[in-house]
Amino acid sequence: YANVSAFAFSNGYLATMCSMKAPGTVKEEERGIVGGFIGITITLGIFSGSLIAFGLAPLLLLTPKS
């Protein structure tokens with residue numbers, strides 16, 4: 001539970017705050033580019049995490065049961 005809580009705070013909350021505040025730190029004409037980049041990277045991160053989870057699922061079946 002501690003690991004999940006730490007990951008949820010570090011990745012979930014802080015990444016969301018950075019995504020919300022990042023467009024406000026650049027010039028007005030570059031805000032759309034920054035917003036698009038943030039959207040693409042979040043989508044790719046979720047997708048790659050899902051692929052890793054699918055890849056690790058068979059390994060969990062190989063672990064010995066206690």
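## A glycine to start from

Gly55 is partly exposed, with a relative accessible area of 47%. This glycine sits in helix 2. Keep in mind as you look around that the model is predicted.

Another glycine, Gly39, also has its place in helix 2. With a relative accessibility of 36%, Gly39 counts as partly exposed too, because that class covers whatever falls between the 20% limit for buried and the 50% limit for exposed. How far apart are the C-alpha atoms of Gly39 and Gly55? They are separated by 24 Å, with the two positions 16 residues apart along the chain. Now try Gly55 and Asn3: here the step along the sequence is 52 residues, and the C-alpha atoms are 21 Å apart in space.

## The overall build

So what is the protein chain made of? It has 2 helices and 0 strands. Helix 1 covers residues 2-21, and helix 2 covers 31-62.

If you draw a box around the C-alpha atoms along the principal axes, it comes out at roughly 55 × 25 × 10 Å. The radius of gyration of the protein chain is 17 Å, whereas a compact globule of 66 residues would have one near 11 Å.

## What shows on the surface

How much of the chain is buried? Just 3% of the 66 residues in the protein chain fall in that class. The accessible surface adds up to about 5800 Å². Carbon and sulfur atoms account for 73% of that area.

## Two rings in helix 1

An aromatic pair is described by two things, the distance between the ring centres and the angle between the ring planes. In this model the count is 1 aromatic pair. The partners are Phe9 and Tyr13, with ring centres 5.4 Å apart and planes at 15°, so the pair is stacked; the limit for that label is under 30 degrees.

Where do these two sit? Both Phe9 and Tyr13 lie in helix 1, 4 residues apart, which is about one turn of the helix. Are they buried, partly exposed or exposed? Phe9 has 48% relative accessibility and counts as partly exposed. Tyr13, at 45%, is partly exposed as well.

## The largest pocket

Rolling a probe the size of a water molecule over the atoms shows where empty space is left. In this structure, the largest pocket has a volume of about 180 Å³.

Which residues line it? You can pick out Phe7, Asn11, Gly12, Ala15, Ile42, Gly45 and Ile46. Both helices take part, since helix 1 and helix 2 each supply at least two residues of the lining. Helix 1 gives the most, with 4 residues. Sorted by class, the lining has 4 nonpolar residues, 3 polar ones and no charged ones. Glycine is counted as polar in this sorting, so Gly12 and Gly45 from the lining go with the polar group.

Definitions and conventions
Residues are numbered from 1 along each chain as its sequence is written. This is a predicted model: local features need pLDDT of at least 70, side-chain atom pairs count only at pLDDT 80 or more; totals for chains, interfaces and linings use all residues. Side-chain values use heavy atoms; hydrogens and water are left out. Rings of Phe, Tyr and Trp (its six-membered ring) pair if their centres lie within 6.5 Å; planes under 30 degrees apart count as stacked, over 60 as edge-to-face and the rest as tilted. Buried means under 20% relative accessible area, exposed over 50%, partly exposed in between (1.4 Å probe, protein chains only). On a 1 Å grid over the protein atoms alone, a cavity is a set of points where a 1.4 Å probe fits but cannot get out, and a pocket is an open set with protein on both sides within 12 Å along at least five of seven lines; lining residues have an atom within 4 Å of a point. Grid points are joined across faces, edges and corners, and a volume is the space filled by probe spheres set on the points. The radius of gyration is taken over C-alpha atoms; the globule rule is 2.2 Å times the number of residues to the power 0.38. Accessible areas come from the Shrake-Rupley method with a 1.4 Å probe; for residues, only the protein chains shown count as cover.
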